[in-house]
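User: I'd like to go through this fold with you before I head back to the bench. Could you take me through it piece by piece?

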Amino acid sequence: MITQPYQLYVERTDATKNMARFYAMSIEPNLFGQACLVRRWGRIGANGQERVHHFTREEEAVKLFLELLRKRRSHGYRPKSQVEQGGTG
């Protein structure tokens, strides 16, 4: 059982490089009660790719979620509202 919702949507845009990417993650329960980390990424406006990681414990899913969040932030991904405003986070 998932104790609290985990969802993230970030973007990385750079008009000079014609770059417009998104990265989305969420932790969701599956039918067997396991925690699943669902990742989606790709070019904004396209379907992109998806990968699902299955965990027996929610804590393991949260740990990977936070690791991936740190990695995306270090690569310049920011929440959509900060991207639109041109903020650096």
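Analyst: A place to begin is M25, whose bridge partner in strand 3 is R39; strands here are DSSP runs of E with at least two residues, helices are DSSP runs of H or I with at least four residues, and both are numbered from the N terminus. Please keep in mind that this is a predicted model, in which local features need pLDDT of at least 70 and side-chain atom pairs count only at pLDDT 80 or more, while totals for chains, interfaces and linings use all residues. Residues are numbered from 1 along each chain as its sequence is written, and side-chain values use heavy atoms, with hydrogens and water left out.

User: OK, and what else is M25 in contact with, leaving aside its neighbours within four places in sequence?

Analyst: With those neighbours left aside, M25 is in contact with Y6, Q7, L8, L37, V38, R39, F65, L68 and L69, where contact means heavy atoms within 4.5 Å.

User: How is the sheet ordered?

Analyst: It is an open sheet of five strands in the order 4-3-2-1-5, with antiparallel pairing, and two strands are said to pair if DSSP finds at least two bridges between them. Strand 4 (49-55) and strand 5 (78-79) stand at the edges with a single partner strand each, so one side of each has no neighbour in the sheet.

User: How many bridges join strand 2 to strand 3, and how many pair strand 1 with strand 2?

Analyst: Strand 2 and strand 3 run antiparallel and are joined by nine bridges, with R43 in strand 3 as the bridge partner of R21. Strand 1 and strand 2 also pair in the antiparallel sense, over nine bridges, and D14 stands opposite M19 in strand 2.

User: What about the turns between them?

Analyst: Strand 1 and strand 2 form a hairpin with four residues between them, and N18, in the loop between these strands, has a positive phi of about 55° although it is not a glycine. At 56% relative accessibility N18 counts as exposed; the cut-offs are over 50% relative accessible area for exposed, under 20% for buried and partly exposed in between, with a 1.4 Å probe and protein chains only. The hairpin of strand 2 and strand 3 has five residues between the strands, and G33 in that turn has a positive phi of about 85°.

User: Is strand 2 mostly enclosed or open?

Analyst: Eight of the 11 residues of strand 2 are buried, so this strand is largely enclosed by the rest of the structure.

User: Switching to the core, which residues touch the most other members?

Analyst: In the largest nonpolar core, which has 16 residues, these are Y23, M25, I27, L37, F65 and L68. A nonpolar core is a set of buried Ala, Val, Leu, Ile, Met, Phe, Trp, Tyr and Cys residues joined through side-chain atoms within 4.5 Å. Strand 1 (6-14), strand 2 (19-29), strand 3 (35-43) and helix 1 (58-74) each give two or more residues to this core, and helix 1 gives the most, with five.

User: How does helix 1 lie relative to the strands?

Analyst: Helix 1 lies across strand 1, strand 2, strand 3, strand 4 and strand 5, and runs at about 170° to strand 2; axes are lines fitted to C-alpha atoms, for helices over the stretch in contact, and angles run from 0 to 180 degrees between N-to-C directions. As one example of residues brought together, L8 in strand 1 and F65 are 57 residues apart in sequence and 9.2 Å apart in space, C-alpha to C-alpha. L8 is buried, with a relative accessible area of 18%.

User: How many aromatic pairs are there?

Analyst: The structure holds four; rings of Phe, Tyr and Trp (its six-membered ring) pair if their centres lie within 6.5 Å, and planes under 30 degrees apart count as stacked, over 60 as edge-to-face and the rest as tilted. In one of them, the rings of Y9 and F22 have centres 6.1 Å apart and planes at 15°, so this pair is stacked. Y9 is partly exposed at 36% relative accessible area, whereas F22 is buried at 10%. The rings of Y23 and W41 have centres 6.4 Å apart and planes at 25°, so they are stacked as well.

User: Which residues form a cluster with Y23?

Analyst: Y23, W41 and Y77 form one aromatic cluster, and Y23 counts as buried at 3% relative accessibility. R72 lies over the face of Y23, at 4.7 Å from the ring centre; a charge sits over a ring if NZ of Lys or CZ of Arg is within 6 Å of the ring centre and within 35 degrees of the ring normal.
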